[in-house]
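Please look over the sequence and the 3D structure below before reading on. The notes that come after them are meant for a first-year student and go through one topic at a time.

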Amino acid sequence: TGHAARAAIVGWAERRPPAYTTKHQVAVPVAPVRSERAELPEGTPALRTQDVVVRFGGIHAVSGVSLTVGDGEIVGLIGTNGAGKSTLMNAVGGYVPSKGRVELLGRSIDGLSASRRARLGLVRTFQA
């Protein structure tokens with residue numbers, strides 16, 4: 001089944017030795033991050049955006065996006081190429097200037113840098 005195949009692949013990946021190194025790259029094992037944060041008050045989302053807008057000159061890349069992600073919820077963001085998915089995530093992460101409101105764990109993170117947002121627990125990965 002699909003679950004058995006996934007379990008076999010994950011098991012193999014966990015057992016394999018660290019990646020090779022060259023003079024230009026070094027493999028560094030990374031331990032999983034465990035969050036020891038307090039429970040959120042009932043009804044407080046883990047992440048909330050309100051009317052997020054990103055403009056590049058006259059281009060409206062993101063226009064008034066509001067979303068709510070509950071504690072422990074997994075949300076997929078889908079859309080066509082050029083719809084603004086990555087730009088929205090860049091705005092939430094603090095990588096591009098934006099207008100609107102972004103809250104993390106009930107706290108406004110508007111105006112904070114990407115590194116400060118990461119220290120508060122907001123991180124992202126990039127597709128490869």
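The briefing below takes up the sheet, the helix that packs on it, the nonpolar core, the salt bridges and some backbone angles.

This is a predicted model, in which local features need pLDDT of at least 70 and side-chain atom pairs count only at pLDDT 80 or more, while totals for chains, interfaces and linings use all residues. Residues are numbered from 1 along each chain as its sequence is written, and side-chain values use heavy atoms, with hydrogens and water left out.

**The sheet**

- Four strands form an open sheet in the order β2-β1-β3-β4, and their pairing is antiparallel; strands here are DSSP runs of E with at least two residues, helices are runs of H or I with at least four, and both are numbered from the N terminus.
- The strands at the edges are β2 (59–69) and β4, each of which pairs on one side only, where pairing requires that DSSP finds at least two bridges between two strands.
- Strands β1 and β3 run antiparallel and are joined by five bridges, and in this part of the sheet Q50 stands opposite R101 of β3.
- Strands β3 and β4 pair in the antiparallel sense over two bridges, with E103 having S108 in β4 as its bridge partner.
- As general background, strands of a sheet pair through backbone hydrogen bonds, in either a parallel or an antiparallel way.

**The helix on the sheet**

- Helix α2 (residues 85–93) packs on the sheet and touches β1, β2 and β3, while its direction makes about 115 degrees with that of β1; contact means heavy atoms within 4.5 Å, and the angle, on a scale from 0 to 180 degrees, is taken between N-to-C directions of axes fitted to C-alpha atoms, for helices over the stretch in contact.
- Within α2, the residues T87, L88, N90, A91, V92 and G93 are buried, a word that stands for under 20% relative accessible area, with exposed meaning over 50% and partly exposed lying in between (1.4 Å probe, protein chains only).
- The cover over the buried residues of α2 includes β1, β2, β3 and α3 (114–119).

**The nonpolar core**

- The largest nonpolar core has 13 residues, of which V52, V54, V92 and V102 touch the most other members; such a core is a set of buried Ala, Val, Leu, Ile, Met, Phe, Trp, Tyr and Cys residues joined through side-chain atoms within 4.5 Å.
- Two or more residues of this core come from each of the elements β1, β2, α2 and β3.
- Leaving aside residues up to four places away in sequence, the contacts of V52 include V62, V65, L88, A91 and V102.
- In soluble globular proteins, nonpolar side chains tend to be buried together.

**The salt bridges**

- The count comes to three salt bridges, each being a side-chain nitrogen of Lys or Arg within 4 Å of a carboxyl oxygen of Asp or Glu.
- One of them joins the side chains of E103 and R48 at 3.7 Å, N to O, and this pair links distant parts of the chain, since E103 lies in strand β3 and R48 in strand β1, 55 residues apart.
- R101 forms a salt bridge with E103 (2.8 Å, N to O) and another with D110 (3.6 Å, N to O), so that R48, R101, E103 and D110 are linked in a network of salt bridges.
- E103 counts as buried because its relative accessibility is 12%, whereas R48 is partly exposed at 25%, as are R101 at 32% and D110 at 33%.

**Positive phi angles**

- D51, whose place is in strand β1 (residues 47–56), has a phi near 50 degrees, a positive value in a residue other than glycine.
- L105 is in the loop between β3 (99–104) and β4 (107–108), and these two strands form a hairpin with two residues between them, where L105 in the turn has a positive phi of about 55 degrees.
- L105 counts as partly exposed because its relative accessibility is 29%.
- G94, just after α2, takes a positive phi of about 85 degrees.
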